[in-house]
Amino acid sequence: MNPCALFTGSESNHLWLTEFERQFPQLNIQDWQNIVDTQTVEYGIVWQPSPAYFQRFPNLKAVFNLGAGVDAILSNPAVPEQVQIIRIEDGGMAQQMNEYFSYFLLHYYRDMDLYQQQQKQNHWQPHTVKSPNQFRVGILGLGQLGSQLAEHLRGYGFDIAGWSQSKKHLEGVTTYTGDDQLKNFLQRTNALCCLLPLTPATRGILNHQHLSQLPQGAVVINGARGGHLVATDLIDLLDSGHLRGAVLDAFEQEPLDPQHAFWQHPNILLTPHCAAQSEHHVCAQQIGSKLKAILSNQPITGLINRNTGY
Ligand code: OXD
């Protein structure tokens with residue numbers, strides 16, 4: 001079997017290699033830099049590969065992305081047209097995303113941000129608990145992760161809506177489609193959860209125009225990519241009091257610059273791109289099985305459409 005070239009650009013490389021070796025020793029997955037006969041490589045497994053990766057393997061047919069979002073591959077100018085891109089589908093991330101969003105949604109729904117401020121002022125004041133159906137959650141992006149989040153949140157009794165580019169039907173979820181319905185979706189949403197793929201169409205979607213369509217006192221939780229958000233617009237809307245708070249997990253530059261205004265903003269909670277992490281054993285299982293399927297001419301799911309970017 002020809003070697004399959006792994007690139008993760010991080011110290012977790014050896015963990016991936018060990019996991020692939022454990023589950024699929026016959027697949028000959030190797031560190032991309034150790035492969036000598038580079039012309040024979042037809043398949044790759046990558047996370048945020050450098051242009052040099054694609055230059056090194058001119059006969060690549062397909063790469064498996066070690067995550068859900070493929071924006072780092074699509075924006076790489078060295079990726080040849082004919083190389084197919086295959087993403088992780090769930091890979092253990094849906095449950096982690098559900099936990100992450102539930103945690104912060106409950107934080108705002110149960111006024112924990114207000115209690116944190118009150119504690120700093122030694123101020124005792126209970127707030128009336130709202131009925132959950134008065135808390136209107138809106139999920140931007142109803143792909144694998146967004147639709148599972150909608151399903152999970154129904155258990156809390158929140159009023160849930162979702163927005164996506166193409167029409168989706170999800171039980172118990174009011175769905176909105178396309179640019180024409182984005183305003184109506186935003187206007188009814190108290191807690192906006194972003195799980196969109198980052199594409200030219202969604203870059204900067206969390207901007208002043210859209211965020212100011214949310215009702216006064218809304219909150220924003222971005223578990224997708226920093227490129228969705230216009231940082232200065234968010235800060236303006238928090239400072240003017242239009243938005244109550246924001247939770248940010250992903251940033252345009254990572255790690256986030258220690259001088260960035262987000263760190264010290266009183267109404268921003270931030271986490272270091274950890275909302276959901278692909279689990280080695282689950283993802284290795286998924287990728288190895290798909291690679292075996294491709295090699296025996298079986299169909300697979302998770303292929304990226306280069307036109308839509310997801
Ligand atoms: C992903 C990520 O895209 O972890 O999977 O950000």
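**Entry 1: strand β6**

I count a residue as buried when its relative accessible area is under 20%. I note that the model I consulted is a predicted one. I began with strand β6, residues 136-140, and asked how many of its five residues are buried. Four of them are, so I recorded β6 as largely enclosed by the rest of the structure.

I then looked up the strands beside β6. Strand β7, residues 159-164, pairs with β6 in the parallel sense, and I found five bridges between them. Within this pairing, L140 stands opposite W163 of β7. To pass from β6 to β7, the chain goes through helix α6, residues 144-153, and I entered this β-α-β crossover as right-handed.

Strand β9, residues 191-194, also runs parallel to β6, and four bridges join the two. Here I found L140 again, with C194 of β9 as its bridge partner.

**Entry 2: R188, in the loop before β9**

I located R188 in the loop between α7 (178-187) and β9. Is R188 buried or exposed? Its relative accessibility is 12%, so R188 counts as buried. I next listed its contacts, leaving aside neighbours within four places in sequence. Among them are R136, V137 and G138, and I noted that residues 136-140 form β6. D159, I160 and A161 are also in contact with R188, and residues 159-164 form β7. Y176 is a further contact of R188.

**Entry 3: strand β4**

I turned to strand β4, residues 62-65, and asked which way its side chains point. A62 and F64 point one way, whereas V63 and N65 point the other way. I recalled that side chains in a regular strand alternate between the two faces of the sheet. In β4, all four of the residues A62, V63, F64 and N65 are buried.

Strand β3 pairs with β4 in the parallel sense, and I recorded four bridges. In this pairing G44 stands opposite V63. The chain passes from β3 through α2 to β4, in a right-handed β-α-β crossover. Strand β5, residues 84-86, is parallel to β4 as well, with three bridges joining them. There, F64 stands opposite I86 of β5.

**Entry 4: T8**

Where does T8 lie? I found T8 in the loop between β1 (4-7) and α1 (13-23). Its relative accessible area is 6%, and I therefore entered T8 as buried. The side chain of T8 makes a polar contact with the side chain of N13, at 2.8 Å. Neighbours within four places in sequence aside, T8 is in contact with N13, W16, W47 and L66.

**Entry 5: backbone features**

I looked up residues with a positive phi that are not glycine. Q48 has a phi of about 50° and lies in the loop between β3 (43-46) and α2 (51-56). Its relative accessibility is 47%, so I entered Q48 as partly exposed. N297 has a positive phi near 60° and lies in the segment after α10 (280-295). At 71% relative accessibility, N297 counts as exposed.

I also noted a cis peptide bond between E254 and P255, with omega about -5°. P255 lies in the loop between β11 and β12.

**Entry 6: separations along the chain and in space**

A261 lies in the loop between β11 (243-248) and β12 (268-270). I recorded A261 as partly exposed, because its relative accessibility is 46%. A261 and L214 are 47 residues apart in sequence, and their C-alpha atoms are 23 Å apart.

M112 lies in helix α5, residues 112-120, and is partly exposed with a relative accessible area of 37%. I found 33 Å between the C-alpha atoms of M112 and H169, which are 57 residues apart along the chain.

**Entry 7: the domains**

The domain assignment gives domain 1 as 4-91 + 278-295 and domain 2 as 93-270. Their centres, taken over C-alpha atoms, are separated by 32 Å. How many residues of each domain are in contact with the other? I recorded twelve residues of domain 1 and eight of domain 2. The accessible area lost when parts come together is often used to give the size of an interface. For domain 1 and domain 2, I noted about 790 Å² buried between them, 46% of it on carbon and sulfur atoms.

Conventions: Residues numbered from 1 in each chain as written. Predicted model: local features only at pLDDT ≥ 70, side-chain atom pairs only at ≥ 80, totals over all residues. Heavy atoms only, no water. Buried < 20%, exposed > 50% of the residue type's maximum accessible area, 1.4 Å probe, protein only. Pairing = 2+ DSSP bridges. Right-handed = clockwise from strand over helix to strand, strands pointing away. Polar contact = N/O pair within 3.5 Å; in protein donor to acceptor, adjacent residues only side chain to side chain. Contact = heavy atoms within 4.5 Å. Domains from an automatic or database assignment. Buried area = accessible area lost by both parts, 1.4 Å probe.
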